[in-house]
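This briefing sets out selected features of one protein structure for a computational chemist. Topics are grouped under short headings.

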Amino acid sequence: MKIAVIGSGYVGLVSGICFAEIGFEVSCIDVDANKINLLNQGSIPIYEPGLKALLARAVKNKKISFTTNLSEGLSKSAIILIAVGTPQNENNGNIDLSYIYSAAKDIALNISDQECHKIIVTKSTVTVGTGQQIKRIIKEVNPSAKFSVVSNPEFLREGSAIEDFMNPDRIVVGTEDIIAKEAMTMLYSSFLAKQIPVIFTDIATAELIKYAANSFLATKVAFINEMADLCEKINGNIKDLSLATGLDSRIGSKFLNPGPGFGGSCFPKDILALSHIAKENNSQLAIVDAVISSNNNRKTRMAEKIVSVCEGSVTDKTITILGLAFKANTDDIRYSPAIVIAKELLKKGAKLRLYDQEAVANTKKELGENSQISYFSDPYEAAQSSHALIIATEWKEFHNLDLKVLKNNLSDPLIVDLRNMLNPEKVRSLGFRYFFIGGK
Ligand code: UGA
């Protein structure tokens, strides 16, 4: 069976390549000719472990193709996945659905009377009501088109996208008719065979499930971050609290790691969007609103924490930040706490030495290059003559930093570990002043 995927961003690319790996013939369509050229040469425009090898196999097996030509890509595809971007409009939580609606219009213009029933599936995270709007657009543009609309939100995480796609906890499918239900059952037959639950629901509920899931996870993170603050006040230890709380199977141990606040292109945007959906529907989501403000404040408070351990001022001090991506295993810096902290420290007059194994190029685009900022491809070089070293992203390599080399390189043996990666006793025994999250 042939399927088409419109949009070759994170979700589109991973879904397309994984469906090709499963055995479907996949046509990936994107308006960005540079991206399509890159993909046709076997390169991946994002950093995602394992994706390049999977692409190479799909190309070798002739299971995947990339094109900017929509009608060529859609031709003979029974299922069309829409995976275009849904950026945030302003800060009011509204999301910009123009790429989704323009894809719907383009699809409508490319369905001929002779073609079989098309299943049009939203994979992008879209607000409640988008599926119905897509239906209206297609009917209006092409009244004779035979089609169904489906909501099939994606739950993969950056950095572990392939594993998440191939072995999800569940698959959510919002449909309104039996033709779509049967097509989606076929699309996910190999997952059903692995006993992965597929939840069939109506379209609006499927759209809302995605926001509920992301917002609940964001709430867990914000909650444990606030508990970490309280632990600092009572001389407690967040590590033990997190472990003991998470071992209650009703709570679960995942997403209970305290840190500098959640970031990325999903949680911050989706939780705002959920709050907006509630307001539009005269419903109150007090918890969600509290999480938004808790997380926003946290990132700037982390910068204040750094200033306070630097004797109250970072003016003309040199600070090294290890880790710039919003989390490990990605080059994505969108809403990254490290970037917010960097901006705050720059405002307060600090000089920054920045290191990340993947995210330096994106950070250069965001922060620029000037006399106040230098970038490094080695963490020890980045630490040279700095007054403080900050760990802001939980890259695995930071677990094994050579602390003796760091101590020699830093002008002040001061570490602020915003991801609790180092062993406090070990670090302090080497003469460092060491601060972490949720303990003394
Ligand atoms: C998130 C969801 O986890 C995915 O299920 C979803 O598909 C995706 O959004 C999306 O909507 O596309 P992602 O943004 O890639 O995935 O990142 P997460 O691993 O969920 O982390 C989000 C943020 O929470 C990061 O800043 C991370 O550092 C932070 N976090 C996470 C913590 O601070 N502590 C934790 O214990 C877990």
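**Helix pairs and the parallel sheet**

Helices α1 and α3 lie oblique to each other, because their axis angle falls outside the ranges that count as roughly parallel, antiparallel or perpendicular. The model is a predicted one. Alongside this helix pair, the briefing covers a second pair formed by α10 and α11, an open sheet of six strands, the enclosed helix α12, and several individual residues, among them Lys62 and Asn329.

**Helix α1 and its crossing with α3**

- The axes of α1 (residues 10–22) and α3 (residues 51–60) approach within 9 Å and cross at roughly 50°.
- This crossing of α1 and α3 is left-handed.
- On the α1 side the contact involves Val14, Ile17, Cys18, Ala20 and Glu21, which meet Leu51, Leu54, Leu55, Arg57 and Ala58 of α3.
- Helix α1 comprises 13 residues, and the distance from its first C-alpha to its last is 18 Å, close to the 18 Å expected at 1.5 Å a residue.
- Burial is extensive in α1, where 10 of the 13 residues are buried and the helix is mostly covered.
- The buried residues of α1 include Val14, Ile17, Cys18 and Ala20, each of which also takes part in the contact with α3.
- The other buried positions in α1 are Tyr10, Gly12, Leu13, Ser15, Gly16 and Phe19.
- After α1 comes Gly23, with a positive phi near 125°.

**Helices α10 and α11**

- The axes of α10 and α11 (residues 238–246) come within 9 Å and cross at roughly 135°.
- That angle makes α10 oblique to α11, because only values over 145 degrees count as roughly antiparallel.
- The crossing of α10 and α11 is right-handed.
- Ile224, Met227, Ala228 and Cys231 in α10 are in contact with Ile238, Leu241 and Ser242 in α11.

**Helix α12**

- Helix α12 (residues 267–280) has 14 residues and spans 20 Å between its first and last C-alpha atoms, close to the 20 Å expected at 1.5 Å a residue.
- Of these 14 residues 12 are buried, so α12 is largely enclosed by the rest of the structure.
- The buried set in α12 runs through Phe267, Pro268, Lys269, Asp270, Ile271, Leu272, Ala273, Leu274, Ser275, His276, Ile277 and Ala278.
- Elements covering these buried residues include α10 (203–234) and α13 (286–309).
- Asn282 follows α12 and has a positive phi, near 50°.

**The six-stranded sheet**

- The sheet is open, its strands are in the order β11-β10-β9-β12-β13-β14, and the pairing is parallel.
- At the edges are β11 (373–376) and β14 (433–436), each of which pairs on one side only.
- From one strand to the next, the twist averages 20°.
- Strand β9 (residues 318–322) is joined to β10 by five bridges, and the two strands run parallel.
- Ile319 has Leu352 in β10 as its bridge partner.
- Strand β10 (residues 351–355) is in turn joined to β11 by four bridges, again in parallel.
- Tyr355 has Phe376 in β11 as its bridge partner.
- Strand β10 is mostly covered, with four of its five residues buried.

**Individual residues**

- Lys62 is not a glycine, yet its phi is positive, at about 55°.
- Lys62 is located in the loop between α3 and β3 (64–67).
- With a relative accessible area of 71%, Lys62 is exposed, because the threshold for that class is over 50%.
- Asn329 is another residue other than glycine with a positive phi, here near 65°.
- Asn329 is placed in the loop between β9 and α14 (337–347).
- Its relative accessible area of 34% makes Asn329 partly exposed.
- Val405 belongs to helix α17 (residues 403–409).
- Val405 is partly exposed, at a relative accessible area of 31%.
- Val405 and Tyr380 are 25 residues apart in sequence, and their C-alpha atoms are 7.1 Å apart in space.

Conventions
Residues numbered from 1 in each chain as written. Predicted model: local features only at pLDDT ≥ 70, side-chain atom pairs only at ≥ 80, totals over all residues. Heavy atoms only, no water. Pairing = 2+ DSSP bridges. Axes fitted to C-alpha atoms, helices over the stretch in contact; angles between N-to-C directions. Expected span 1.5 Å × (residues − 1). Buried < 20%, exposed > 50% of the residue type's maximum accessible area, 1.4 Å probe, protein only. Contact = heavy atoms within 4.5 Å. Parallel < 35°, antiparallel > 145°, perpendicular 65-115°, else oblique. Left-handed = near helix turned anticlockwise from the far one by under 90°.
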